[in-house]
Amino acid sequence: MIDIEKTALYCYGVNKNFGFLPVLTNIELRIAKGQFVSLVGGSGCGKSTLLNLIVGTHEPSAGEVLVSVNGGFIQVRGHGPDRGMVYQEYPLFPHLTALKNVILGPMLRETTILTRLYGTVTRSWPALRKIHIQKAESLLARLGLSEHSHKFPRQLSGGQRQRVAIARALLMKPQILLLDEPFGALDEETRHGARELMLDLYQENMTAVANGQSPPYTVLMVTHCLDEAVQVGDRVIGLSKHWRGRDQAGATIVYDKIAPVYQPKDTKSFGAIGKQAAEIYEIVLNGRDLDPSEHCTFWNDVKAGKAEGVLAPRS
Amino acid sequence: MPTEDRQIIRRSWRDDLRKIFIMREPLPGWLGNSFFLMAICLIVILYSSVAYSGTNTLIPTWGKLATGFTQMITDPRSGDHMLWMDTVASFSRLLPALAIASVLGIVLGLYMGTYVAAESMWGRILNFEENIVPNAAMVVFLTLFGFEFKMYTAVIVFGILPTIAGRVYAAVREVPDQHIFSAKTLGASGQEIIWTILFRQVLPQIIDAIRSTVGLALILLIATEWAAGQEGYGYRFLRLYRSARLDVILPYLMTLGFMGIGIQLIFNLIQRVLCPWYVKEGK
């Protein structure tokens, strides 16, 4: 395992029941800073529940969700700016333009209604707002959204909306960014662009690690597309209700392995992607009862030096 | 024929006429408007046939209506500006009441839509209150406030507050949870979620809610003035009713109808200026 400074998120013995219905059982998950983790699983297996536990919409019935802040762990209590979230549906506020959606983050975090009122009188709030707008505009430009920054969400396409939502979450510099099937409703072409964006961000992480800095983005992404999970993530986690030794229990992690890391403009080796996707399908989605630890080899593989990406910067 | 394969299809007015019988087929402007004119003509003919038949002498002829109209603007005998005086009197009662009911309704609706405690507290009470006709309860308001300005305000607020609050509440409930959760991950406090996000987001529905209650507020006001007023529309209608002055009442009602349309247009304009992002469903 890794030390606290390098950890972004730590789920420790997390269980979640809805009434008498167990949904998640004994989730042990440690995500290092800079990792892009894909979370897959059959429908209704609790992927979104796990995400909601981490973001703070639900509280775990047992166990703890910990986020590392300044070298120590802080237990998650409700929603907070240290965990960003992008939803598949309704990702943006419809009454604000793309730019105003993005600057909403710094505005809400750094000011309150009273300080804004007072700041309007002292002229300090307009000055601060100008700084926010500059930051947001440069981020939108980096994501290729400059010409759309003054459009309302209904004037944007689905892919553009998701990218603005990701920009809004990234501007908050969260410890971990949670994506709930962000590209699920997009057409194939837009999806492709969105994946490239994720690979670009991962590349920035790699550069930061190579320069001895802390990688800026950590992502946990729920997806139902296995190819996408392997291609975008550097690690794939599979949740399943079917596991050996389960007795009236919910889903747990049955698959946790390294996924290949790609450069944005790389030719992806679709053979290798497809092979791993087929493996994930066999283990996670096929409904066979498995030993939950059998395919959770991620940290052993990292120790064995098989990792690519942020956990093995030299390769 | 040589050009048979690429005939130019020329649309004639006959083709347009055929559209009349097709369901939900959009009609060209001239055709739709001519139907409107047809209805106007129908009403004018029906009215004239009643007014000039001689069976009911109280129904004024067109000439009497015209003198009634001028009398409504400026009374040649007393020199009173009837319509203007009544409008000032009634609107000085209507507008403050609308403002009070709007502010209360917005606050109640926003908090009821976000906090279950607020909904448990006021939801059922407002639902019950909506069923009470304030004019029937006028004796209560008279006992509390007397024949004063406050009484009119109270009647109108009592009558329209449940409607405004209920519609704001419904609009807030329509806002998906994801918006509230996203706002929290962006570091918004509870009050910021309510006032900077939810309020702005449901503002178009708030404007719609207030607009739709203007009519109800006018009904309540006229009924109250009819019963207890010394001035205003309701009092005027009572006096005109007693002297059976249909030649003034009818132009008066027409004018009020056009004023109502004007108010609706003003609300539409406010909505378009304040909420440029809003597109009405079905448009």
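The radius of gyration here is taken over C-alpha atoms, and the globule rule it gets held up against is 2.2 Å times the number of residues to the power 0.38. For the 315 residues of chain A that rule gives a value near 20 Å, and chain A comes in at 20 Å, so it agrees with a compact globule. Chain B is another story: a compact globule of 283 residues would sit near 19 Å, but chain B has 26 Å. Keep in mind that this is a predicted model. Here's the rundown, chain by chain and then across the contact.

**Chain A overall**

- Chain A mixes its secondary structure, with nine helices and 11 strands.
- Along the principal axes, the C-alpha atoms of chain A take up a box of roughly 65 × 45 × 40 Å.
- Buried residues account for 45% of the 315 in chain A.
- Take the contacts in chain A between residues at least 6 apart in sequence, and 75% of them turn out to link residues at least 24 apart.
- Two domains are assigned in chain A: domain 1 covers 88-217, while domain 2 is put together from 236-251 and 281-292.
- The C-alpha centres of those two domains of chain A are 36 Å apart.

**The sheet in chain A**

- Chain A has an open sheet of seven strands, and its order reads β6-β7-β8-β3-β9-β10-β11 with mixed pairing.
- At the edges you'll find β6 and β11 (295-296) of chain A; each has a single partner strand, so one side of each has no neighbour in the sheet.
- Inside that order, β9 (residues 235-240) and β10 (residues 252-258) of chain A run antiparallel to each other, paired over six bridges.
- If you want a specific bridge to look at, Ile237(A) is partnered with Asp256(A) in β10(A).
- Helix α1 (residues 47-55) of chain A packs on the sheet, where it touches β3 (36-41), β6, β7 (176-180), β8 (219-222) and β9 of chain A.
- The direction of α1 of chain A makes about 150 degrees with that of β7(A).

**Chain B overall**

- Chain B has 11 helices and zero strands.
- Its C-alpha atoms fill a box of roughly 80 × 70 × 30 Å along the principal axes.
- Of the 283 residues in chain B, 28% are buried.
- Among chain B contacts between residues at least 6 apart in sequence, 71% bring together residues at least 24 apart.
- The domain split in chain B gives domain 1 (11-56) and domain 2 (82-274).
- Between the C-alpha centres of domain 1 and domain 2 of chain B there are 36 Å.

**A residue to click on: Ile160(B)**

- Ile160(B) sits in helix α7 (residues 149-174) of chain B.
- Ile160(B) counts as buried because it has 29 C-beta neighbours inside 10 Å, and the cut-off for that label is 20 or more.
- Setting aside neighbours within four places in sequence, Ile160(B) contacts Ala101(B), Thr213(B), Leu216(B) and Ala217(B).
- Glu130(B) is 30 residues away from Ile160(B) in sequence, yet their C-alpha atoms are 8.0 Å apart in space.

**Backbone oddities: positive phi outside glycine**

- Glu181(A) isn't a glycine, but it has a positive phi of about 45 degrees.
- You'll find Glu181(A) in the loop between β7 and α6 (188-210) of chain A.
- Glu181(A) is buried, since 20 other C-beta atoms lie within 10 Å.
- Over in chain B, Arg24(B) also isn't a glycine, and its phi is positive, near 60 degrees.
- Arg24(B) belongs to the loop between α1 (13-18) and α2 (29-51) of chain B.
- With 4 C-beta neighbours inside 10 Å, Arg24(B) counts as exposed, as the cut-off there is 12 or fewer.

**Where the chains meet**

- Chain A puts 22 residues into the contact, and chain B puts in 20.
- On the chain A side, β6 (83-86) and α2 (98-110) each supply at least two of the residues that touch chain B.
- The largest share of that side comes from α2(A), with four residues.
- By class, the chain A side has 12 nonpolar, six polar and four charged residues.

Technical notes. Residues are numbered from 1 along each chain as its sequence is written. Chains are lettered from A and ligands numbered from 1 in the order in which they are written. This is a predicted model: local features need pLDDT of at least 70, side-chain atom pairs count only at pLDDT 80 or more; totals for chains, interfaces and linings use all residues. Two residues are in contact if their C-beta atoms, placed from the backbone, lie within 7 Å. Ala, Val, Leu, Ile, Met, Phe, Trp, Tyr, Cys and Pro count as nonpolar, Asp, Glu, Lys and Arg as charged, and the others, Gly among them, as polar. Domain bounds come from an automatic or database domain assignment. Two strands pair if DSSP finds at least two bridges between them. Axes are lines fitted to C-alpha atoms, for helices over the stretch in contact, and angles run from 0 to 180 degrees between N-to-C directions.
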